[in-house]
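Please look at the sequence and the structure shown below, and keep them in view while you read this report.

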Amino acid sequence: MDDDHTHVREFFGPRATGWDTRFPDDGPAYAAAVADLGVSDGDAVLDAGCGTGRALPALRAAVGSRGTVLGADLTPEMLGAAVRAGRHHDARLLLADA
Ligand SMILES: C[S@@+](CC[C@H](N)C(=O)[O-])C[C@H]1O[C@@H](n2cnc3c(N)ncnc32)[C@H](O)[C@@H]1O
């Protein structure tokens with residue numbers, strides 16, 4: 001792991017718990033952003049740097065049950081928070097460098 005990745009994890013790891021409550025009003029922005037993407041039923045989408053996966057439910061809704069949703073993040077604590085929030089039901093979560 002290079003220095004940049006280490007710094008990302010050092011920054012975001014301690015912030016994962018409580019991340020969603022720090023930005024409680026972002027929901028409509030995710031819905032609008034996903035609508036702007038123009039994805040359709042059955043499409044495959046990647047949220048690169050998905051964090052706690054706040055955009056994943058909107059992405060799943062856009063592509064439907066036949067679609068593919070991937071959420072990739074470098075910080076294990078962020079993905080752990082995503083699982084605790086149940087977002088692994090909407091997407092396949094990947095610990096990966098996007
Ligand atoms: C500002 S947070 C945003 C998280 C999420 N997209 C949201 O809107 O709540 C940035 C996220 O990008 C992740 N990240 C930064 N560099 C990355 C990389 N090279 N590959 C994957 N994830 C990365 C961090 O771990 C962090 O979770």
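The report that follows describes the surroundings of the ligand and then a sheet with a helix lying across it.

This is a predicted model, and every value given here was computed from it. Around the ligand there are 15 residues, and those that come nearest are Tyr 30, Gly 49, Asp 73, Thr 75 and Ala 98. When the residues of this shell are sorted by class, 9 are nonpolar, 3 are polar and 3 are charged.

Some side chains place a polar atom at a short listed distance from an oxygen atom of the ligand, as the table shows.

| Residue | Distance from a polar side-chain atom to an oxygen atom of the ligand |
|---|---|
| Trp 19 | 2.9 Å |
| Asp 73 | 2.6 Å |
| Thr 75 | 2.6 Å |

How much of the ligand's exposed area does the protein bury? Taken alone, the ligand exposes 590 Å², and the protein buries 75% of that area.

Turning to the sheet, we find that it is open, that it has 3 strands in the order 1-2-3, and that the pairing is parallel. Its edges are formed by strand 1, which covers residues 44–48, and by strand 3, which covers residues 92–95, and each of these pairs on one side only. From one strand to the next, the twist averages 20°.

Strand 2 covers residues 68–73, and its parallel pairing with strand 1 runs over 5 bridges. One bridge can be followed residue by residue, since Ala 44 has Thr 68 in strand 2 as its bridge partner. Asp 73, listed among the residues that come nearest to the ligand, falls within the range 68–73 of strand 2.

Finally, helix 4, made up of residues 56–63, lies across strand 1, strand 2 and strand 3, and it runs at about 160° to strand 2.

Technical notes: Residues numbered from 1 in each chain as written. Predicted model: local features only at pLDDT ≥ 70, side-chain atom pairs only at ≥ 80, totals over all residues. Heavy atoms only, no water. Near = heavy atom within 4 Å. Polar contact = N/O pair within 3.5 Å; in protein donor to acceptor, adjacent residues only side chain to side chain. Areas by Shrake-Rupley, 256 points an atom, 1.4 Å probe, with all protein chains shown as cover. Nonpolar A, V, L, I, M, F, W, Y, C, P; charged D, E, K, R; others polar. Pairing = 2+ DSSP bridges. Helix = DSSP H or I, 4+ residues; strand = E, 2+ residues; numbered from the N terminus. Axes fitted to C-alpha atoms, helices over the stretch in contact; angles between N-to-C directions. Contact = heavy atoms within 4.5 Å.
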